[in-house]
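Please open the structure in your viewer and keep the selection tool at hand. The tour proceeds by selecting one part after another.

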Amino acid sequence: MRYDFDELTERRGSGSVKWDECPSDDVIPLWVADMDFRAAPAIQEALRRRLEHGVFGYALVGDDYYEAIISWFQRRHQWTIHREEILYTTGVVPAMSVAIKALTMPGERVLILSPDYNCFFSSIRNNGCEVLECALRFTRNNRFEVDWADFEAKCADEKTTVFLLCNPHNPTGRVWTKAELQQMNDICLKHHVKVVSDEIHCELIMPGCRFQPFAAVSEQCRQNNVTLNSPSKSFNIAGLQIANIICPQPEWRRRIDRAININEVCDVNPFGPVALIAAYNESEAWLDELCAYLWGNYQALCEFAADHLPEWHITPMEGTYLPWVDITATGMTSQQYADTLLNNAKVWVNPGTMYGPQSGEGYIRLNIACTRSRLLEALQRISRLWH
């Protein structure tokens, strides 16, 4: 490998939320979705050049920004995006909020597949809408799948106007297939439900799986969709605050653009566009090696759990770097288990109930985007509690 993902980077004291919110120096943080790895060298160099310029006024987003996005998704995912479809903003969560504001009225319902990313719940409620959950089913195929009868029943609810999709899915790690995405859209179209697709984890795909952009499934999907994406998760640049909203429908796009201004998330900082261009134009090899390293971490996790943590059932991780672990065999609630790990093993994980009070109970979510040695140390600490 050309890049050293085994470099031990200690970030406590650097202003990192992941590290500096730890209650003590000896805690290993496997919680928030932030990687320990340094950004790709091309990104670091581009930011260094921008810093040396020395002037940090309002940022102009130029042609090279749009060209980088269009080229990346065309060559990597065979998805054709037109420049006029792209609206930029400060992050995928603000993008989600403005999409909901633009496409719903207060009091309407937004459908999600639960358990789901915790900000889905807050963004929906913050815009005066109701959360409507379709609980995913863990099937004999050893993965989470959509309960299609329940999904259609909830789309048929006259108050349901938007389906907020997480693709790939956080926290279950599912990478939805083309057939599944088409079926989602068929049902949504039948009941006049718009699809907003959060695709922030779209580059973090494990071997044997292929990411399918919702908008590239079919022309019907494209016309019934707003896509939210960003290089922030894949390239570990979330703090630079840059994201995009891809919206082919001119009227929806006009309303979303208005909501961006209402929410005052229309100005990005000078470093975000620079980092995006360097990520999409120069850092593809780094990303591919990162995914290989994350897959190695996942394999190490599964092997360790099989030998030392038999009470864990680890859901197959098709995408993201956030394994979803069933801990019901411990007899503890998700919160009790997470608290025990933090207080007694000094390992910080997220309780599954963060992602749905009912659907997330009995699970924890781990972040394995760290050095393998740090991951194994955390697992050894957990194992020593009971074995």
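Begin by selecting residues 109-114, which form strand E3, together with strand E4; the two strands pair in the parallel sense over 6 bridges. Within this pair, Leu 113 stands opposite Cys 134 of E4. Please keep in mind throughout that the model is predicted.

**The whole sheet**

Next, extend the selection to the full sheet. In which order do its strands lie? The sheet is open, has 7 strands and follows the order E2-E10-E9-E8-E7-E3-E4, with mixed pairing. At the edges are E2 and E4, the latter comprising residues 130-135, and each of them pairs on one side only. From one strand to the next, the twist averages 25 degrees. In general, strands of a sheet pair through backbone hydrogen bonds, in either a parallel or an antiparallel sense.

**Strand E10 and its two neighbours**

Now select residues 243-246, strand E10. Are its residues buried or exposed? Ala 243 and Ile 245 point one way, Asn 244 and Ile 246 point the other way, and all are buried.

Add strand E2, residues 86-89, to the view: E2 pairs with E10 in the antiparallel sense over 4 bridges. Here Leu 87 stands opposite Ile 245. Then add strand E9, residues 225-229, which runs antiparallel to E10 and is joined to it by 3 bridges. The bridge partner of Leu 228 in E10 is again Ile 245. Ile 245 is thus a useful residue to label, with Leu 87 opposite it and Leu 228 as a bridge partner.

**A helix across the sheet**

Select helix H6, residues 148-155. Which strands does H6 lie across? They are E3, E4 and strand E7 (160-166), and H6 runs at about 160 degrees to E4.

**A pair of helices**

Finally, select helix H4 (residues 92-103) and helix H5 (residues 118-126). Their axes are 9 Å apart, and the helices pack at an angle of about 40 degrees. Because of this angle, H4 is oblique to H5. The crossing of H4 past H5 is right-handed.

Show the side chains where the two helices meet. On the H4 side are Val 93, Met 96 and Ile 100, and on the H5 side are Cys 119, Phe 120, Ser 123 and Ile 124. How many residues of this contact are nonpolar, polar and charged? The contact of H4 with H5 has 6 nonpolar residues, 1 polar residue and no charged residues.

Technical notes:
Residues are numbered from 1 along each chain as its sequence is written. This is a predicted model: local features need pLDDT of at least 70, side-chain atom pairs count only at pLDDT 80 or more; totals for chains, interfaces and linings use all residues. Side-chain values use heavy atoms; hydrogens and water are left out. Buried means under 20% relative accessible area, exposed over 50%, partly exposed in between (1.4 Å probe, protein chains only). Two strands pair if DSSP finds at least two bridges between them. Axes are lines fitted to C-alpha atoms, for helices over the stretch in contact, and angles run from 0 to 180 degrees between N-to-C directions. Angles under 35 degrees count as roughly parallel, over 145 as roughly antiparallel, 65 to 115 as roughly perpendicular and the rest as oblique. A crossing is left-handed if the near helix is turned anticlockwise from the far one by less than a right angle, and right-handed if clockwise. Contact means heavy atoms within 4.5 Å. Ala, Val, Leu, Ile, Met, Phe, Trp, Tyr, Cys and Pro count as nonpolar, Asp, Glu, Lys and Arg as charged, and the others, Gly among them, as polar.
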